[in-house]
Amino acid sequence: MEMQEIIKQAEQDIRQAIKDYGAHTKQTEVLDDVSERFIRRLARDSAYAKQGLRELFSRSPAWDERIGALVINGTRTHDPDYDRILGLGRDILHDVLKPDDSRYYSIQRALDFFCCPQQDETDREMSIDAINSLAPKAYTPTKKPSRVFKALCDALGVTDGEAGSVFQRLFAQFADELAAKRIGFKLYVSLNPAHFLTMSNPKKDGRGETLTSCHSFNSTEYKYNNGCSGYARDAASFIAFTVADDGGSEAFNNRKTTRQVFAYRPGSGLLLQSRMYNTSGGTRGAQADSRLYRDLVQREISMLEDVPNLWRTVPSTGEKSGWVGAGYGFGGYADWTYADFDGHISFRSDFDEKRCGILEVGTYGLCIRCGNEISERLYCDGCKESQPICDDCGEHCGGLNTAYDIRGDEVHVCSDCLDSNYRYCEVCNRYHDNGNMRHVGGRDICSRCLSEHYEQCKGCGEWLRKGDTYGVYGRNGYSIQVCGHCRGGYIRCSSCDGYYHPDNTRLLIRAGGRHRHVCNDCARDYVACPSCSSLVEVCGDGACPSCGEVIEERMEETA
């Protein structure tokens with residue numbers, strides 16, 4: 001592609017990335033502020049800055065020009081070819097692998113250790129014995145096989161340490177094949193500025209926050225998200241990442257599952273690998289993935305530059321850390337400078353410290369409104385001052401959200417204050433101060449909607465929708481509303497059908513000994529037996545249905 005085509009494609013990718021990034025989050029005020037000036041300048045600056053890396057990567061059959069990335073997957077990787085390992089081993093040991101050499105059979109047996117993975121235990125022990133007889137202490141159970149073979153070569157006197165020598169080339173191929181591994185996923189190694197902007201997934205994704213960080217582009221919570229465009233505009237950085245699925249650009253832009261920033265200047269033999277980020281937070285438990293990504297990147301670069309894939313890797317915070325530095329004006333999070341984040345610097349065998357110079361990572365980012373260079377955050381001072389002020393924190397913000405404070409007055413607040421101080425009412429669909437919110441029946445409801453649409457059970461205190469409560473008469477005789485469960489503690493009057501507190505009811509005995517309850521008011525319609533004091537409904541013969549006494553005669557006697 002011509003440069004202008006590259007720039008136009010990058011502009012389209014950035015626009016799509018911004019759209020995808022905000023597809024599943026309500027926190028979009030920053031994304032709404034991204035201007036065409038920012039998009040056009042970032043696309044142009046990135047295209048020109050990364051010309052060297054693009055020219056290098058485009059030589060690879062794994063290069064996908066449309067997305068601006070190497071796509072390393074199962075078609076680019078393979079399991080070890082042990083026939084090739086044997087052939088390379090024989091070529092390396094050619095000068096000592098002579099039938100008339102007394103060591104000939106021991107060397108053959110030693111080679112079996114590397115190219116016969118199906119050896120039984122006895123044969124493997126014989127191969128290890130052969131190695132130790134040729135090169136004492138070369139083998140230990142924890143040493144990498146390629147290092148065991150290197151120690152064997154040293155002992156046999158075939159090693160040539162000169163950079164670019166035949167030995168170096170053959171040994172690099174031998175070690176690569178021995179450590180070959182087929183991967184069942186796609187690793188995207190990208191120069192696309194859209195992928196730098198979305199290097200961390202968006203904050204407040206409704207599907208669940210995964211792989212978010214201080215570089216999440218829809219947040220102004222940290223100053224470091226300026227680093228997204230800062231990485232995209234330098235000459236050395238590229239990003240390696242995996243995605244949740246192969247669903248196209250949206251997965252690239254808001255559903256990354258792992259990602260690392262690498263930096264390399266073509267021809268230098270000096271590679272930086274920064275912190276691994278994944279959906280579990282990264283670093284801890286991610287060392288195996290980090291080693292694999294580094295190995296895949298090193299192999300690809302070495303193959304493209306036709307240099308033996310022989311690297312020495314050290315921690316990025318160790319004594320060699322001075323070979324890498326943040327570029328002037330870079331405001332991103334330089335995570336390779338922290339030991340806890342497991343960053344690495346790799347030096348290839350052809351690295352020349354006299355000619356290399358320091359690898360500078362990152363540069364100035366761009367203000368998302370005016371497109372001018374800045375070192376921190378997403379807005380320059382001028383654009384920031386022109387932004388509205390949050391009613392809560394008093395800061396200038398990219399966009400404000402309408403909410404209602406503790407007094408019920410309308411306020412306009414930034415997303416951070418909205419998340420911290422307000423909750424969304426699922427009845428009126430507005431944000432209200434946390435102090436005015438209740439969680440009722442699995443829903444967040446403001447106090448106003450609560451009073452208009454809900455009633456509180458006077459028994460257990462539970463809130464229910466109006467119409468879902470029941471009227472009863474409490475101990476004091478006043479009507480109150482209760483839930484269905486609490487109504488079970490009240491007694492239904494068989495005369496008026498009202499529900500009453502047990503203290504305000506009486507047991508009524510009817511003819512045939514049947515029992516019912518009536519409220520105190522309805523009890524006045526019945527007679528209390530002078531003999532047994534029961535409240536009764538007099539039988540047809542005037543007898544008490546409880547004790548059998550004739551109530552009228554008994555009442556006359558009493559009188």
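This report describes strands, salt bridges, a charged surface patch and two backbone angles in a predicted model.

Because the model is predicted, local features need pLDDT of at least 70 and side-chain atom pairs count only at pLDDT 80 or more, whereas totals for chains, interfaces and linings use all residues. Residues are numbered from 1 along each chain as its sequence is written, and side-chain values use heavy atoms, with hydrogens and water left out.

## Strand S5 and its partners

Helices (H or I, at least four residues) and strands (E, at least two) are DSSP runs, numbered from the N terminus. Two strands count as paired if DSSP finds at least two bridges between them. Burial is stated by relative accessible area: buried means under 20%, exposed over 50%, and partly exposed in between (1.4 Å probe, protein chains only).

Strand S5 spans residues 256-264, and eight of its nine residues are buried, so the strand is largely enclosed by the rest of the structure. With strand S4 (residues 237-243), S5 runs antiparallel over seven bridges; alanine 240 stands opposite glutamine 260 in this pairing. Strand S7 (residues 277-278) is joined to S5 by two bridges, again in the antiparallel sense, and there arginine 259 has tyrosine 277 as its bridge partner. Three bridges connect S5 with strand S6 (residues 270-273), also antiparallel, and phenylalanine 262 is partnered by glutamine 273 of S6. S5 and S6 form a hairpin with five residues between them, and glycine 267 in the turn has a positive phi of about 85°.

## The open sheet of S26 to S29

An open sheet is formed by four strands in the order S27-S26-S29-S28, with mixed pairing. Strand S27 (515-519) and strand S28 (527-528) stand at the edges, each with a single partner strand, so one side of each has no neighbour in the sheet. Strand S26 (residues 505-509) is antiparallel to S27, and five bridges join the two. In this pairing threonine 505 stands opposite cysteine 519 of S27.

## Salt bridges

A salt bridge is a side-chain nitrogen of Lys or Arg within 4 Å of a carboxyl oxygen of Asp or Glu. A search of the whole structure finds 36 of them. Three pairs are listed below.

| Pair | Closest N to O distance |
|---|---|
| Aspartate 45 and arginine 233 | 3.0 Å |
| Aspartate 352 and arginine 355 | 3.1 Å |
| Arginine 492 and aspartate 497 | 2.4 Å |

In the salt bridge between aspartate 45 and arginine 233, aspartate 45 lies in helix H3 (residues 36-49) and arginine 233 in the loop between H11 and S4, so the pair ties together parts that are 188 residues apart in sequence. Aspartate 45 is buried, with a relative accessible area of 16%, and arginine 233 is buried at 11%.

The pair of aspartate 352 and arginine 355 has a partly exposed member, aspartate 352, at 27% relative accessibility, and an exposed one, arginine 355, at 67%. In the pair of arginine 492 and aspartate 497, arginine 492 is partly exposed with a relative accessible area of 43%, and aspartate 497 is partly exposed at 43%.

Salt bridges also link Lys8, Glu11, Arg15, Glu36 and Arg40 in a network.

## A negative surface patch

Asp120, Glu121, Glu125 and Asp129 form a negative surface patch. Patches are made of residues with over 30% relative accessible area and no salt bridge, like charges being joined within 9 Å and nonpolar side chains (Val, Leu, Ile, Met, Phe, Trp, Tyr) within 5 Å. Within this patch, glutamate 121 belongs to helix H7 (residues 121-134) and is exposed, with a relative accessible area of 65%.

## Positive phi outside glycine

Most residues other than glycine have a negative phi. Lysine 204, a residue other than glycine, has a positive phi near 60°. Lysine 204 lies in the loop between helix H10 (193-197) and helix H11 (227-232) and is partly exposed at 38% relative accessibility.

Arginine 377 also has a positive phi, near 65°. The loop between strand S13 (373-374) and helix H15 (381-385) holds arginine 377, which is partly exposed with a relative accessible area of 36%.

Methods. Areas by Shrake-Rupley, 256 points an atom, 1.4 Å probe, with all protein chains shown as cover. Lys, Arg positive; Asp, Glu negative; His and termini not counted. Charge placed at Lys NZ, Arg CZ, Asp CG, Glu CD.
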